[in-house]
Amino acid sequence: MSDKLHALNCKTCAAPLQRQGGHQVRTLTCGYCGTVMDVRDEFKVLAQYEGLERPTSPFRLGMQGEIKGVMFTVIGIIGAGYEDRWGRYDWVSAQLFSPTHGYAWLTWNQGHFVFARRVRELPKPSKFTGGRPKRTKIRFRDQKFRFYEGYQSELTFVEGELTWQAALHERTKVAEFIAPPLGFEFEASEDELAYGLSEYMERDEIRAAFGIAEPLPAPVAIHPLQPFKPGALQTALSKAGYIFTIIAGCCLVITFVLGSGWRIQKVDQTLAPGSTLSVPFSVSRADQLVDINIETALDNSWTYIEGTVSDSSDQTVAVIGREIGYYHGVEGGESWSEGSRGTTASIRVPAPGDYRLDLEVDPESPVTTPGRIIIEEGVMPLRYFFVLLVFFALMAASLPIRRRHFEKQRWSEVLDDDD
Amino acid sequence: MTKIVFATFAVLICGAGYVTYYGIGAESMDVVSSVRAGSIGNARSFGVK
């Protein structure tokens, strides 16, 4: 029969069939009765597969759609799958034909679309062992591909035109290598070794291209070729996070250097139980914090100090009460310590001027200790820039963490396989 | 989206700078500050030496 024949009837059930697939088509399978006919030998019946259950997919013979600027027609549909100890995996592939660009495949697999074409160039290395070469990489067209998995697929459904004499239950050894969104496959059957280059396609793109109106099932899991595509917000948060982590870090350092304030009073005094101490000081600006630092030489003991800050009119501005205790020792060969020998109180005065700090050591304090009182003004806290530093660092890390989680999901299907 | 995020982060940094410089909210929690002249409520009186 001439290749120019476009319409014919099935040799078995006389159902109307279409020939759209060009001169490389080998077989035409009737979708009604499962009769497989040899296109190159007067449509001689080669086999008949009765009762074939059409797998669920968005493909229909004759569908047309544009992929990568090329108009393709669905001329054939196959169903395939394989089973391992983790479960059964099935997919549906549509044989595509373009009069200008030849043949290709569009595969529907658990809600994902993959476009594939045979290639004649050899990858490096080009040898296919038929095994499971873990951690093996190949290079094809300056792209590195990493081994993903190997399996033996079985043909479970055929319909329409195909470029080879497809037989139900025929098996093909496949080794998949990935460089998302691209994939490279070695396919070895009994008499042929073929190479294919695949590319992950977005669902919306294929739906629009082929006019698929029916709702598609949601994608299941991460497809091996599915690229990691963060949202615009996540990308912006991460990008800004990197920059502002550096800015917050610099601000923290500057605050640390400049924000410790300047000393306006220092007094050394022995702090005996019941003793009192009066420390005058002058504050030049009231819009920043004043730190009152009390340092002692306590050793495995404690003391309690109360203080009142008064202005020049003896108006009480602030009241402070602090217990200071420091303990240390060695236990089980390891030294330990608890508490602190000093304390700091941050206060705010109502106006610039002269003030007085009156301190009293609690009469019940058990020890006398040397003490030093240091008063500083212009003190700036570090906490706010520190919190921002942590926040921005988390924002910066959010994208890499999410990408790592995505990749972990991508490889989770195959990493547990020890074969 | 990027501009909005950058602007938001810039506001946060500027805000942190403002509260850091003036120490807003960083006073010691256990320090009792008087709000009326001459009265501190039930706090102890220590006397002035």
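What follows is a chat about helix α1 of chain B and the contact between chain B and chain A.

Colleague: What kind of model is this?

Modeller: This is a predicted model, where local features need pLDDT of at least 70, side-chain atom pairs count only at pLDDT 80 or more, and totals for chains, interfaces and linings use all residues. Residues are numbered from 1 along each chain as its sequence is written, and side-chain values use heavy atoms, with hydrogens and water left out.

Colleague: How do you know that the span of α1(B) agrees with its 21 residues?

Modeller: Helices are DSSP runs of H or I with at least four residues, numbered from the N terminus. The expected span is 1.5 Å times one less than the number of residues. For residues 2–22 that gives 30 Å, and the end C-alpha atoms are 30 Å apart, so the two agree.

Colleague: What makes the buried residues of α1(B) line one face?

Modeller: V5(B), F9(B), I13(B), A16(B) and T20(B) are buried, meaning under 20% relative accessible area with a 1.4 Å probe, protein chains only; exposed is over 50%, and partly exposed lies in between. Down the axis they fall within an arc of 75 degrees, so they line one face; the arc is taken from the directions from the helix axis to the C-beta atoms. The face turned away carries exposed K3(B), I4(B), V11(B) and C14(B).

Colleague: Why is the pair E27(B) and R348(A) called a salt bridge?

Modeller: The rule wants a side-chain nitrogen of Lys or Arg within 4 Å of a carboxyl oxygen of Asp or Glu. Here the N to O distance is 2.8 Å, so the pair qualifies. Across this interface the rule finds one salt bridge.

How values were computed:
Chains lettered and ligands numbered in written order. Helix = DSSP H or I, 4+ residues; strand = E, 2+ residues; numbered from the N terminus.
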